[in-house]
Amino acid sequence: MTHHPTPPPQLTVRRPQMVVAKRQGGDSRGTMQILADVARRDGLLGLWSRRVIVPKCLYATLNRGLMYMVLSALSAFATRRFGKLSLGGNMLLGYLADLAVKPLVHPIETVVIRLNRSETGETVGELVPRMVRTEGLGCFFRGISSHLGYSWRAGLTEGIFEQLRRAVAALLGGQRVDGELGGGIAFVIGWLARALATFLINPFFRVRNMATKSPKGFFAVAADVHRTEGVGGFFAGVVPEMVRGATLQACLNLVKEHFTAANRSALLMLGA
């Protein structure tokens, strides 16, 4: 009887964020090798497949938009009640704001992660009904408990950013009103804040991604990672995620500062 070796699974997700999802899902290849394989097979445009990027954009927009709305309200209340917030205060508010929106956005995030890992090229319209049919509605909230730790990434990012903002504003000697920064400075300190926060929280990110597809709980998955990969397994994929997440956060801060400056100028003009 002739033995036919099983062909290796095909990598079907085609966009840059796939690097992180695959690497953290246990792919033995490195980041650059995965990128090269995808680009060679599908071309550079294959990295931006509509199959994944549309739900990913929906998730990112809702997640960050709702989080900053909640954070703005919490910050306004806390500032009126307690005055200028400390590093710990800003971290806590960022954590609570991020945690508050997770019940709403976690189901979308679960779908995005499943699309990233799909070996069959399923679309959202195919994946979601199959998940409901085979796993029930509870599968969309699998791994949600990981946000009790993972949401500290947002808290750390906000806390570090605000501290760096104050330090830079003080160095500029009153050249900025109320700590307002230029877009370039906001980009740099936003990148640094998110990169540091991502490195510290990556173990939760890795386990959370794996838990969304596993019938085991968060802590059981964490134990599996430690047993099979050691402590280093919790930091698999941290470099591409730092680059991706930090660059995204930096761009958001840059745009935010420009909008803040534009709104301030408009209000001053109206007041005049």
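1. A helix, as the word is used here, is a DSSP run of H or I with at least four residues, and helices are numbered from the N terminus. Leu62 lies in one of these runs, helix 3, which covers residues 50-82. The model is a predicted one, and the points below should be read with that in mind.

2. Overall make-up. The chain has 10 helices and 0 strands. Read from the N terminus, the order of elements is α-α-α-α-α-α-α-α-α-α. The chain has 272 residues, and 43% of them count as buried. Its exposed area is about 14300 Å², with carbon and sulfur atoms supplying 69% of that area.

3. Contacts along the chain. Take the contacts in the chain with a separation of 6 or more: 80% of them are between residues 24 or more positions apart. Several of the points that follow give examples of residues that are far apart in sequence but are paired in the model, including Tyr95 with Trp152 and Arg153 with Glu241.

4. Leu62 in helix 3. The relative accessible area of Leu62 is 33%, which makes this residue partly exposed, because the partly exposed class lies between 20% and 50%. Setting aside residues up to four places away in sequence, Leu62 touches Met67, Val105 and Ile108. The C-alpha atoms of Leu62 and Val101 are 8.9 Å apart, while the two residues are separated by 39 residues along the chain.

5. The aromatic pairs. The count of aromatic pairs is 2. One of them is formed by Tyr95 and Trp152, with 4.0 Å from centre to centre and 15° between the planes, and this pair is stacked. Tyr95 belongs to helix 4 (residues 87-117) and Trp152 to helix 7 (residues 152-171), so the pair links distant parts of the chain, 57 residues apart. The class "stacked" applies because the planes are under 30 degrees apart.

6. Burial of the two rings' residues. Are Tyr95 and Trp152 buried or partly exposed? Tyr95 has 9% relative accessibility and counts as buried. Trp152 has 31% and counts as partly exposed. The cut-off matters here: buried means under 20% relative accessible area.

7. A nonpolar patch. Trp152 appears again on the surface, where Leu92, Leu96 and Trp152 make a nonpolar patch of about 250 Å². Leu96 sits in helix 4. With a relative accessible area of 38%, Leu96 is partly exposed. Residues of a patch need over 30% relative accessible area, so Leu96 at 38% and Trp152 at 31% can both take part.

8. Glu109, also in helix 4. Glu109 is placed in helix 4. Its relative accessible area is 7%, so Glu109 is buried. Which residues does Glu109 contact, leaving aside its neighbours within four places in sequence? They are Tyr59, His147 and Arg208.

9. Salt bridges: Glu241 and its partners. The structure holds 9 salt bridges. In one of them Arg153 meets Glu241, and the closest N and O atoms are 3.3 Å apart. Arg153 is in helix 7 and Glu241 in helix 10 (residues 238-271), so this bridge ties together parts that are 88 residues apart in sequence. Arg153 counts as buried at 13% relative accessibility, and Glu241 is buried at 1%. Glu241 forms a salt bridge with Arg244 too, where the closest N and O atoms are 2.7 Å apart. In this case the partners are 3 residues apart in helix 10, so about one helical turn separates them.

10. Salt bridges: Glu162 and Arg165. The side chains of these two residues meet in a salt bridge, 3.5 Å from N to O. Why are Arg165 and Glu162 separated by about one helical turn? They are 3 residues apart in helix 7, and that spacing is the reason. Both Arg165 and Glu162 are buried.

11. A network. Salt bridges also link three residues together: Arg114, Glu135 and Arg142 form a network.

Note on methods:
Residues numbered from 1 in each chain as written. Predicted model: local features only at pLDDT ≥ 70, side-chain atom pairs only at ≥ 80, totals over all residues. Heavy atoms only, no water. Helix = DSSP H or I, 4+ residues; strand = E, 2+ residues; numbered from the N terminus. Buried < 20%, exposed > 50% of the residue type's maximum accessible area, 1.4 Å probe, protein only. Contact = heavy atoms within 4.5 Å. Areas by Shrake-Rupley, 256 points an atom, 1.4 Å probe, with all protein chains shown as cover. Phe/Tyr/Trp six-rings, centres within 6.5 Å; stacked < 30°, edge-to-face > 60°. Patch = residues over 30% accessible without salt bridge, like charges linked within 9 Å, V, L, I, M, F, W, Y side chains within 5 Å. Salt bridge = Lys/Arg side-chain N within 4 Å of Asp/Glu carboxyl O.
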